[in-house]
Structure formats: structure tokens, C-alpha cells
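Trainee: Could we go through this one together, with me asking and you reasoning it out?
Mentor: Sure, pull it up and fire away.

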Amino acid sequence: MTAIPDALTIHQLLGRIVYFHALHIAPEQRTDLPPQPGPLCCNHHTAPGRRSAAEVLTDLAWNALIEVATALPDHHRPCPSASGNCCATCRVTAAAAAVAGGWATTEHHAYRHGEPPAQLVTDCRNAAADRIAQVFAAQHNAICPALDNFPAPAPHELPSADTLPLTGELLALWADPAATTRNPVASWLNHCTGLADVRRVLESRRGTT
């Protein structure tokens with residue numbers, strides 16, 4: 001990331017996550033697996049001292065990201081002691097990972113009718129956690145150890161807009177959010193009303209229909 005994006009750009013990108021989730025992912029996502037507890041956030045794992053969720057997460061845009069993650073029960077891994085005292089950056093990191101993992105899994109099911117490779121989901125989770133949480137931490141001066149736990153995968157290991165369009169665009173937009181206003185990701189997804197539409201476009205673009 002070459003620069004910290006302005007607040008308007010951040011809000012637009014977070015709004016795009018909420019919009020795409022509501023329109024494309026939520027109607028197709030699996031809900032048969034219960035949520036599992038994740039690791040303790042750094043405010044519960046060690047002596048409290050990091051900026052807390054209650055202190056920092058007053059921005060409705062960032063809270064919207066967490067709400068989307070909470071709607072992905074089979075991928076969301078909140079702190080077992082989740083409360084307003086949780087580290088805010090840990091919470092955003094976990095939410096970003098949940099969204100990317102949930103999206104990748106849901107898209108893979110929709111287009112290929114099977115389970116995605118575990119490494120693919122892990123790479124998407126790690127990339128989103130790192131990219132999105134870095135923006136949050138920089139904006140709110142809230143660096144924490146959680147950002148060290150998500151090694152960034154090499155770009156060629158991540159899905160593109162030609163394989164998993166929603167997940168690929170999510171990762172591309174957050175790779176350098178400050179540049180999106182200068183070089184926005186052109187997306188035909190805006191014209192689709194569901195994952196069935198997305199799949200038809202993918203098949204057409206690949207010449208398989």
C-alpha cells in the first residue's frame with residue numbers, strides 16, 4: 001500500500017463489500033455449520049493496552065464490515081471473549097478474513113459445485129486480513145500483533161476476476177485502496193443480479209456456452 005486512502009474512499013470500498021454481500025453472497029451462502037471460536041484477541045491474550053473496539057469502532061462503515069462477517073457463521077472466528085474490550089484491529093482483521101474466506105467458498109460452490117481447495121481459502125483470508133486491517137490500523141493509529149499473523153500470499157496465488165470475480169475484485173481493490181480513485185477496477189459485476197448471472201458471464205467469457 002503506497003498511501004493511506006481518504007475516508008471517503010474507505011467508506012466507498014466498505015460499502016461495496018456490504019452491497020455485493022447482500023446481493024450476491026447472502027442468498028447463496030451455506031448456514032449449516034455453526035461458528036467456531038477463534039484465537040483470543042491481543043487485548044485478551046496479553047495485558048490489555050491496545051485500542052479497544054468500544055473506543056475505535058464508532059465508525060459505522062467499519063462496523064458494517066463486522067456485521068457482514070458475522071453473517072458468515074461457517075467462516076467467522078471471533079475472539080472467544082468478544083466484547084467492547086477486544087482489540088479493534090484484531091476484530092477488523094478477523095472480520096476481513098471471514099469475509100474473504102466466506103466469499104471464496106460461496107463463489108467456488110456456485111461456479112464449480114464443490115469444495116474449494118483449503119489453501120485457496122486460506123490465501124484469500126490472509127490477503128484480505130492483511131490488506132484491509134492495514135488500512136484500518138493506519139487510519140486509526142491502531143497497530144497490533146494480529147497483523148503479523150497473516151502472511152501475505154504472492155499475488156499469483158490469489159484468485160482473479162476471471163476465476164472468483166467477487167473475491168478477486170475485493171482483493172484487488174484493497175491491494176492499493178488509495179489508487180482506486182485513479183485506477184478503479186472496471187467491473188461487469190455491477191450488471192449482475194446474482195451468482196447465477198455471474199456464472200453465465202464467466203462461461204460466456206470463457207467461450208463455454
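What follows is a run of questions and answers on cores, cysteines, open space and a few single residues.

Trainee: Before we start, what kind of model is this, and how are its residues numbered?
Mentor: It's a predicted model, where local features need pLDDT of at least 70, side-chain atom pairs count only at pLDDT 80 or more, and totals for chains, interfaces and linings use all residues. Side-chain values use heavy atoms, with hydrogens and water left out, and residues are numbered from 1 along each chain as its sequence is written.

Trainee: Which element gives the most to the largest nonpolar core?
Mentor: A nonpolar core is a set of buried Ala, Val, Leu, Ile, Met, Phe, Trp, Tyr and Cys residues joined through side-chain atoms within 4.5 Å; buried means under 20% relative accessible area, exposed over 50%, and partly exposed in between, with a 1.4 Å probe and protein chains only. The largest one has 48 residues, and Ile17, Trp62, Leu65, Val99, Ile132 and Trp174 have the most contacts inside it. Two or more residues come from each of α1, α3 (53–56), α4, α5, α6, α7 and α8, where helices are DSSP runs (H or I, at least four residues; strands are E, at least two) numbered from the N terminus. With eleven residues, the top giver is α5.

Trainee: Which tryptophan does Trp62 touch, leaving out residues up to four places away in sequence?
Mentor: Contact means heavy atoms within 4.5 Å. On that count, Trp62 touches Ile10, Leu14, Leu57, Val92, Ile132, Val135, Phe136, Gln139 and His140, and the tryptophan in the list is Trp174.

Trainee: How many residues of α7 are buried, and what do they pack against?
Mentor: The buried set is Pro165, Leu166, Thr167, Gly168, Glu169, Leu170, Leu171, Leu173 and Trp174. Those residues pack against α1, α4 (60–70), α5, α6 and α8 (195–205). That leaves α7 mostly covered, and the buried count among its eleven residues is nine.

Trainee: How many disulfides are there, and how far is the sulfur of Cys87 from the nearest cysteine sulfur?
Mentor: A disulfide is a pair of cysteine sulfur atoms within 2.5 Å, and a search of the whole structure finds zero. Cys87 is buried, at a relative accessible area of 1%. Its nearest cysteine sulfur belongs to Cys42, and the distance is 3.5 Å.

Trainee: Why is Cys90 not bonded to Cys42?
Mentor: Cys90 counts as buried, at 12% relative accessibility. The closest cysteine sulfur to that of Cys90 is in Cys42, but it's too far for a bond because the separation is 3.8 Å.

Trainee: What's the volume of the largest pocket, and which helix gives the most to its lining?
Mentor: On a 1 Å grid over the protein atoms alone, a pocket is an open set of points with protein on both sides within 12 Å along at least five of seven lines, a cavity is a set where a 1.4 Å probe fits but cannot get out, and lining residues have an atom within 4 Å of a point. Points are joined across faces, edges and corners, and a volume is the space filled by probe spheres set on them. There are 26 lining residues, with Pro39, Leu40, Cys41, Cys90 and Ala94 nearest the centre. The volume is about 470 Å³, and the helix giving the most, with six residues, is α5.

Trainee: And how big is the largest cavity, and which helix gives the most to its lining?
Mentor: Two cavities of 30 Å³ or more turn up. Lining the largest are Leu13, Arg16, Ile17, Phe20, Trp103, Leu166, Glu169, Leu170, Leu173 and Trp174. Its volume is about 60 Å³, and the helix giving the most, with five residues, is α7.

Trainee: Is Asn141 buried or exposed?
Mentor: Asn141 lies in the loop between α6 and α7 (165–175). Its phi is near 50°, a positive value in a residue other than glycine. With a relative accessible area of 63%, Asn141 is exposed.

Trainee: Last one: is Thr93 buried or exposed?
Mentor: Thr93 lies in helix α5. Leaving aside neighbours within four places in sequence, Thr93 is in contact with Ala129, Ala133, Ala146, Leu147 and Phe150. At 1% relative accessible area, Thr93 is buried.
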